[in-house]
Amino acid sequence: AEAQLDTAKTEANGNIEAKLLRIRVLEDQVISMTDQLSSKETEHAQITEELLKSNEALNASEKVVVELREAIHLIQSEKEQLQLQIVYNDQRVARIEAQHSEAQETVENLKE
């Protein structure tokens, strides 16, 4: 009976040691998974920061595009005004040349 009791104790101790070993393995796995999770959280934070910076750059680029469009519009308006001024100046030159021709004719007529 005592031999059976010793055998039972040995088996029970073996089972307890096996379970303790399994618990240590599981603890190591939990620690490893926790480290991986921490690493992923850090990576996620870095990606989020890069995304925010990219968004800021995109917003700045969009602002520049709007400013460029406004500048182009102003330049086109100025160009149209200059083209109108050129037409006006050409007409003025034509009138002055016509008056000059008339004046020359008058001078020629007076000489005769």
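Biologist: In this predicted model, what share of the 112 residues of the chain counts as buried?

Modeller: The share is 0%. A residue is called buried when its relative accessible area is under 20%.

Biologist: Why is Lys63 called exposed rather than buried?

Modeller: Lys63 has a relative accessible area of 54%. Exposed means over 50%, so the term applies to a residue with such a value. Lys63 lies in helix 1.

Biologist: Why is Glu108 called partly exposed?

Modeller: The relative accessibility of Glu108 is 44%. Partly exposed covers values between the limits of 20% and 50%, and therefore 44% belongs there. Glu108 is also found in helix 1, which covers residues 2-111.

Biologist: What makes Glu108 part of a negative surface patch?

Modeller: The patch is formed by Glu102, Glu105, Glu108 and Glu112. Members must have over 30% relative accessible area and no salt bridge, and like charges are joined within 9 Å. The 44% of Glu108 is over 30%, so Glu108 meets the condition on area.

Biologist: How do you know that the chain is not a compact globule?

Modeller: A compact globule of 112 residues would have a radius of gyration near 13 Å, whereas the chain has 48 Å. The C-alpha atoms fill a box of roughly 165 × 10 × 10 Å along the principal axes. The chain contains 1 helix and 0 strands.

Biologist: How far apart in space are Lys63 and Ile23?

Modeller: Their C-alpha atoms are 59 Å apart, with the two positions 40 residues apart in sequence numbering.

Biologist: How many positive and negative side chains does the chain have?

Modeller: The chain has 12 positive and 23 negative side chains, and the centres of these two sets lie 3 Å apart.

Methods. Residues are numbered from 1 along each chain as its sequence is written. This is a predicted model: local features need pLDDT of at least 70, side-chain atom pairs count only at pLDDT 80 or more; totals for chains, interfaces and linings use all residues. Side-chain values use heavy atoms; hydrogens and water are left out. Patches are made of residues with over 30% relative accessible area and no salt bridge: like charges are joined within 9 Å, nonpolar side chains (Val, Leu, Ile, Met, Phe, Trp, Tyr) within 5 Å. Accessible areas come from the Shrake-Rupley method with a 1.4 Å probe; for residues, only the protein chains shown count as cover. A salt bridge is a side-chain nitrogen of Lys or Arg within 4 Å of a carboxyl oxygen of Asp or Glu. Lys and Arg count as positive and Asp and Glu as negative; His and the chain ends are not counted. The place of a charge is taken as NZ of Lys, CZ of Arg, CG of Asp or CD of Glu. Helices (H or I, at least four residues) and strands (E, at least two) are DSSP runs, numbered from the N terminus. Buried means under 20% relative accessible area, exposed over 50%, partly exposed in between (1.4 Å probe, protein chains only). The radius of gyration is taken over C-alpha atoms; the globule rule is 2.2 Å times the number of residues to the power 0.38.
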